[in-house]
Amino acid sequence: MPASVSLSLSLPLSPTARSDPSVAASPFGAFRRSGLRFCGLRREVLSLRSLNSEASGRISPYPARGLSNKVLAAAKSNGSPTKGFDYDLVIIGAGVGGHGAALHAVEKGLKTAIIEGDIVGGTCVNRGCVPSKALLAVSGRMRELQDEHHLKALGLQVASPGYDRQSVADHANNLASKIRSNLTNSMKALGVDILTGVGTIVGTQRVKYGKVGFPDTEVTARNIIIATGSVPFVPNGIEVDGKTVFTSDHALKLEWVPDWIAIVGSGYIGLEFSDVYTALGSEVTFVEALDQLMPGFDPEIAKLAQRILINPRKIDHHTGVFAKKITPAKDRKPVLIELIDAKTKEPKDTLEVDAALIATGRAPFTKGLGLENINVTTVRGFVPVDEHMQVMDADGNLVPHIYCIGDANGKLMLAHAASAQGISVVEQISGNNNVLNHLSIPAACFTHPEISMVGLTEPQAREKSEKDGFEIRVAKTSFKANTKALAENEGEGLAKLIYRPDTGEILGVHILGLHAADLIHEASNAIALGTRIQDIRFAVHAHPTLSEVLDELFKSAKVNVGTSPSVSEPVAV
Amino acid sequence: MAALLHLRLNSSLLPSSSSHPSLRRRPCRRPVAPSTRISAKIREIFMPALSSTMTEGKIVSWVKSEGDRLAKGESVVVVESDKADMDVETFYDGYLAAIMVEEGGVAPVGSAIALLAESEDEIPLAKSQASSSSSAVAASPPPADAPASTTSVQTLAPSPPEPSPVAASSSTHPASDGGRIVATPYAKKLAKDLKVDLAGVAGTGPMGRIVAKDVEAAAAAAVASVPSVPSKAVVGSVSAKAPTPLAIELGTVVSFTTMQGAVSKNMVESLSVPTFRVGYTITTNALDDLYKKIKSKGVTMTALLAKATAIALTKHPVVNSSCRDGKSFTYNSSINIAVAVAIDGGLITPVLQDADKVDIYSLSRKWKELVDKARAKQLQPHEYSTGTFTLSNLGMFGVDRFDAILPPGTGAIMAVGASQPTVVAAKDGRIGLKSQMQVNVTADHRVIYGADLAAFLQTLAKIIEEPSDLTL
């Protein structure tokens, strides 16, 4: 399995900076990684993988083709559990993390059940990255159609573009249903038991499930994965009514488009919604607790992003302030937002707006899990885990057979990170020592243009270089020199590489520009596989493509080591 | 790989292009605009124009500090423009005598940001000059920018407002001080661009907030009042109820506003309609008498004319029809009289709906409401786009006759001239004085024929000459 190879190659890593769980819990803090945005939709990959496993496994002698046969065959592959247990693996929570773990577990021959109290797909599919991508697809097109200057430069003429709010909302909702049923079907097809209800751990290898407060059915499992995810975090003092003061959960339904909306928090969620709302005609006011917008991003990228995504749009912002109190609109009064200085706590200002979106990060959803039954105390709601995602109890000892992945452990609150952690856990319990390299997990923000990143930011890299005593360098290329970007008339953007000139190791890559979210994987794969700049710079890119931005980036890096022999060796053809 | 080579070459040249939004700290060394204002041997360092669209620049950091020796071509300061951060270098040798705009401060292009002394001896002189000129700048027209050294645009951290003249002259961010002003983000942006002080703008948005169009209106009003500033003591209030003629700068090309663009589009569209015109002279003595009687009840002449027209139209539905597709008559179910109104910088046609059914007093009230809304640019689409017949009246300006262009989508428009005392010969040979006005209807000949208009005008004349029906 290529995936597991790459994962096991990766270095152990402390969950520093990028995955600091305090971030999401701190009121109005930096919301670096919210699971909301990032969905590794693994359906295609996994269906292929399941077929592969059969080919390599014992049931089907045929390579992947006839689907219905395969499904049946696959269903049988969720075979018999270890003696004495109902299941080899019980996963609590059928979000993207639980789903990824379940599919990989079946592939590993484990009898698997997944417990879901709500709907399959979790935050990502139902209230997060999936529906938001539908809205962003609309906003991207609206933006193009409204940009007269841009259209004119391309020679296009479009008369007054408009949109129908309900149809846009339906598009988002339909997409979520479709992905949800895909997810459900992929698990059913493999024979994963989907147990309906809220799961509670009653002992190290025992889980009860059923209606809230009445977990009446008990199952035993050799191993348990907690994958209960997160919910929008709403700081104290903010009254959410779901109509004029709301979180991303409500905003994604797009029940109305306010004339003026305040977005509390300028992380990924806030930034993406500002893109949607401004494209649909709203004016936006950002409220950010830190001194600058987009605090989680590489500073240089954040600065350019402000020039491209904030300044030219109908957006203003208040930084260094907390929203102490937010009152929903009622009795013909607007939404009131009381701002206080983040440091001195003194009243700063009051905003009167039509709506407020609370995008202050996400809080783990771990209540009612029965963690007390296994002597586990959460840290600000997060379940403490070691580098194998194994749960640690109140005394710092590992709890046998219990793992926690995704937003619930807070290491890196991204859907695809949860899934990767799930796969890592399944590898671990299947006897393959596995530690996931979180620094190789890419992240993206789907604004127009997009922002993506992997690895360290420049300040993080500088800190590390000073501590560990090595030199770092930064290389940059612009989208303005890229033929494809210019053909699209979308030359705004920057790609930035932070690397070690002594070894050629890639420490971080940050991209802001057209399709940045799709471009980042060349860099994240290189980090995951340990590919060095001196080698990857010889890889050929099709011309003209946006990928040449990265090609140029690698070529412009100045590395003090030669090419690896494997790359320079001639290959017979 | 010629292509690749080309690309790489290209990129290495990039930073020199001025419009390139590179974030590199030192991609482009721009010389400081050569100083011409030389007093003694102290030169001013100006905020340079780093791009064609740049109007102001923010000081990111001073590379040199006060008292440092500078060599020609050395970087002095890093400036952030609307596009990029760039190093600014000096053209002259000398000493950086005084920094006039601190880091984080914003200055308009062309304003002095520092002083350069030729020798060390001149540093104190330069310093005193800096302090005096900065206070001078504070009092001069662009107030918000020059003293912005302390009040950056972004309401940075708690920077205490300077006690000196700055506080008085710069109204900075209204949000940060006591007198709260509620303005939307775009309104604020526009106010900054158009240099409009939000404190003087009346908000017409929801809950009285200032929205973009209020700022635009205030800016237009301000432009109108600027020429009078030096001579007249009282400058017209910013709210500008009455349309003021805009001060037009000769020799410039000014783009259409949205409204003007719409008018232009409609006018061109009207060329595809085959129109013809029929005129009529109507005696208005009786109407004038009626008007005098009910004027005190708030009835306006416009409402009377609209009412008369609407009643006439009830008898001639074809004149209230239109031709949508070139193949058919569209007989409108209601009689909606649109009346053309000039508002600053444009023209709009508020609509009196069902003018035939609504009584004259309600119609007059409705008209007043519509005009107020039109001036505040708050008309809803249904209030200006649903007309079935249009009236255009230039009588109040003394125009005795004119001819109107048919608005697309309607069948006819009537141009109304002034009612004037006219010497009239009656059929019996007597000569008398009567008030008469000329009306001229432009109509779409595909649906409305000459005889239709003639009959309609006859009816209208009869109604106006015996106007008792109007008050029913």
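**View 1. A nonpolar surface patch on chain A of the predicted model**. A:L145, A:L154, A:L156 and A:V158 together form a nonpolar patch of about 310 Å² on the surface. One of these residues, A:L154, belongs to helix α8 of chain A, which spans residues 148-154. The relative accessible area of A:L154 is 40%, so this residue is classed as partly exposed, the class that lies between the limits of 20% and 50%.

**View 2. The second largest cavity, with residues of chains A and B in its lining**. The search of the whole structure returns 6 cavities of 30 Å³ or more. The second largest of them has a volume of about 80 Å³. Its lining consists of 11 residues, and those closest to the centre of the cavity are A:T350, A:L351, B:R180, B:I181 and B:V182. Strand β14 of chain A (residues 347-353) provides the largest share of this lining, with 4 residues. By residue class, the lining of the second largest cavity comprises 6 nonpolar, 1 polar and 4 charged residues.

**View 3. The surroundings of A:L371 in a loop of chain A**. A:L371 is located in the loop that runs between strands β16 (362-364) and β17 (390-392) of chain A. With a relative accessible area of 5%, A:L371 is buried, because burial is assigned under 20%. A:L371 and A:G203 are 168 residues apart along the chain, and 9.0 Å separates their C-alpha atoms.

Note on methods. Residues numbered from 1 in each chain as written. Chains lettered and ligands numbered in written order. Predicted model: local features only at pLDDT ≥ 70, side-chain atom pairs only at ≥ 80, totals over all residues. Heavy atoms only, no water. 1 Å grid on protein atoms, 1.4 Å probe; cavity = no way out; pocket = protein on both sides within 12 Å on 5 of 7 lines; lining within 4 Å. Points joined across faces, edges and corners; volume = space filled by probe spheres on them. Helix = DSSP H or I, 4+ residues; strand = E, 2+ residues; numbered from the N terminus. Nonpolar A, V, L, I, M, F, W, Y, C, P; charged D, E, K, R; others polar. Patch = residues over 30% accessible without salt bridge, like charges linked within 9 Å, V, L, I, M, F, W, Y side chains within 5 Å. Areas by Shrake-Rupley, 256 points an atom, 1.4 Å probe, with all protein chains shown as cover. Salt bridge = Lys/Arg side-chain N within 4 Å of Asp/Glu carboxyl O. Buried < 20%, exposed > 50% of the residue type's maximum accessible area, 1.4 Å probe, protein only.
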